[in-house]
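Here are some friendly notes to read alongside the structure. Take the points one at a time, and keep the model open as you go.

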Amino acid sequence: MSKVYDIAVLPGDGIGEEVVREGLRVLSAAEQIFGFSTKREHLPYGADHYLKTGETMPDAAFDRIRHMHAVLLGAIGDPRVEVGKLEFAIIAGLRFKLDLYVNLRPIRLLHESLCPLKDKGPADVDMVICRENTEDAYAGIYGFLKKGTPDEVANQTMIYTRRGTERIIRYAFELARKRGPKPGADKPQVTLIDKANAVRAQDLWTRTFAEVAAEYPDVKTDHAYIDAACMWMVKNPEWFDVAVTPNLFGDIITDLGAMIQGGMGIAASGNIHPGRVSMFEPIHGSAPKYRGQNKANPLATIMAVSMLLDHVGEPEAAKAVEEAVASLVRSGRIDSLQAGRYATDELGKMVESELRANAEKFVRS
Ligand code: IPM
Ligand code: MN
């Protein structure tokens, strides 16, 4: 009997609806080719829903999602709603309430022409950032004193727990082991990116990293302070393989990473708790100015669908979707990732037909 996966689909705001539609088109094709199916539940949450009902995302929705296999999210954020309200309730809500402690962000350049760095090609840009996803400045511990007065005090606490730090570091080492050495290297590598020289609380990361590393003699370790890591990612991206970093630095450096792989049009991420329901999304925002124009690039969402498939237990389908995108970009049939270069549905259809054309290579007889 073929497997059925329960998927919550949350298009959200702005271009979310359009890019998710293309992600689902590719997902449907993958289902037919690989012989599994999905039961999809569309969730209406986002700015329109909030402005109509005053509701962001109710507890009942989180409770239903807990029993599903995965969530596909488009984008959240709308200028009509106060800054951070929906992002906090929905994106951070999913990450925190479902304890999705890994924010997995692969950075892989598919074609030299898409890279803004001089003399760097696909062999140089191939890394995965493991961003901790449930702690740090995102924990929501903040406040204001004497708000609106000249004596105002604002504070926000960065928290790191031993347990939270260890589990993401361990995930990074396991991932490095699974990926194996990069071409030309004798061992896979994990780089710790922190700012322990200034944020002394991150000494917890330094110590935990050293302890976990001792259990993985087959994995090489490296360390970079976040400021230097930004520099190296531009100057020598080939030095990175797997990297692990706290939440806030991970947020920032993965936007840099998205640019060196060709831009927000293709950067995908997984918000993962291994073995449990997890959420997959493009890294880009809701781009309200492109809403409804069929101009947004859906490739990042399609890559997020690939990550979703890998998570639910369809690794061949995941690989096939990723390869369909990769072969279109490598061959120059998709030669730009900029919004508007291709229509949103045009790209979705290109990936779908490439996937079908390559199907025989992937489906085991
Ligand atoms: C991301 C986004 C979010 C974050 C925002 C929308 C809260 O930038 O997923 O990287 O800061 O984590
Ligand atoms: Mn971000």
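1. Which strands does helix α7 (residues 226-235) lie across? Helix α7 lies across β4 (102-108), β5 (126-132), β8 (189-194) and β9. Its direction is at about 105° to β9.

2. A word on confidence comes next, as this is a predicted model. The average pLDDT of the protein is 97, and 99% of the residues score at least 70. Confidence is lowest in helix α11 (residues 344-362), where the mean is 93. The highest value, 99, belongs to strand β10 (residues 242-245).

3. Now look for the sheet. Ten strands is a lot to follow, so to speak, but the order can be traced with a finger: β2-β1-β3-β12-β11-β4-β5-β10-β8-β9. The sheet of 10 strands is open, and its pairing is mixed. At the edges sit β2 (37-42) and β9 (220-225), each of which pairs on one side only. From one strand to the next, the twist averages 25°.

4. For a single pair of strands, try β1 (residues 4-12) and β3 (residues 70-75). These two pair in the parallel sense, over five bridges. To find your place in the pair, look for I7, which stands opposite A70 in β3.

5. Another helix to find against the sheet is α9 (residues 299-312). Helix α9 lies across β1, β3, β4, β11 (268-272) and β12 (278-282). Relative to β12, helix α9 runs at about 160°.

6. Next come helices that pack on each other. Two packed helices are described by the angle between their axes and the distance between the axes. Begin with α7 and α8 (residues 247-260): their axes come within 10 Å and cross at roughly 10°. An angle under 35 degrees counts as roughly parallel, so α7 is roughly parallel to α8. On the α7 side, the contact is made by I226, A229, C230, M233 and V234. On the α8 side, F249, I253, L256, G257 and I260 take part. By class, the contact of α7 with α8 has nine nonpolar residues, one polar and no charged.

7. Compare that with α3 (residues 59-66) and α4 (residues 85-97). What angle do α3 and α4 pack at? The angle is about 45°, and the axes are 11 Å apart. That makes α3 oblique to α4. The crossing of these two helices, α3 and α4, is right-handed. In the contact, D59, F62, I65 and R66 of α3 meet A89, G93, L94 and K97 of α4. The contact of α3 with α4 divides into four nonpolar, one polar and three charged residues.

8. Finally, find α1 (residues 16-34) and α10 (residues 315-330). Helices α1 and α10 pack at an angle of about 130°, with their axes 10 Å apart. The two are therefore oblique to each other. Helix α1 passes α10 in a right-handed crossing. From α1, the contact has V26, A30 and F34; from α10, it has E316, A317, A320 and V321. Sorted by class, the contact of α1 with α10 has six nonpolar residues, no polar and one charged.

Key: Residues numbered from 1 in each chain as written. Chains lettered and ligands numbered in written order. Predicted model: local features only at pLDDT ≥ 70, side-chain atom pairs only at ≥ 80, totals over all residues. Heavy atoms only, no water. pLDDT = per-residue confidence, 0-100. Helix = DSSP H or I, 4+ residues; strand = E, 2+ residues; numbered from the N terminus. Pairing = 2+ DSSP bridges. Axes fitted to C-alpha atoms, helices over the stretch in contact; angles between N-to-C directions. Contact = heavy atoms within 4.5 Å. Parallel < 35°, antiparallel > 145°, perpendicular 65-115°, else oblique. Nonpolar A, V, L, I, M, F, W, Y, C, P; charged D, E, K, R; others polar. Left-handed = near helix turned anticlockwise from the far one by under 90°.
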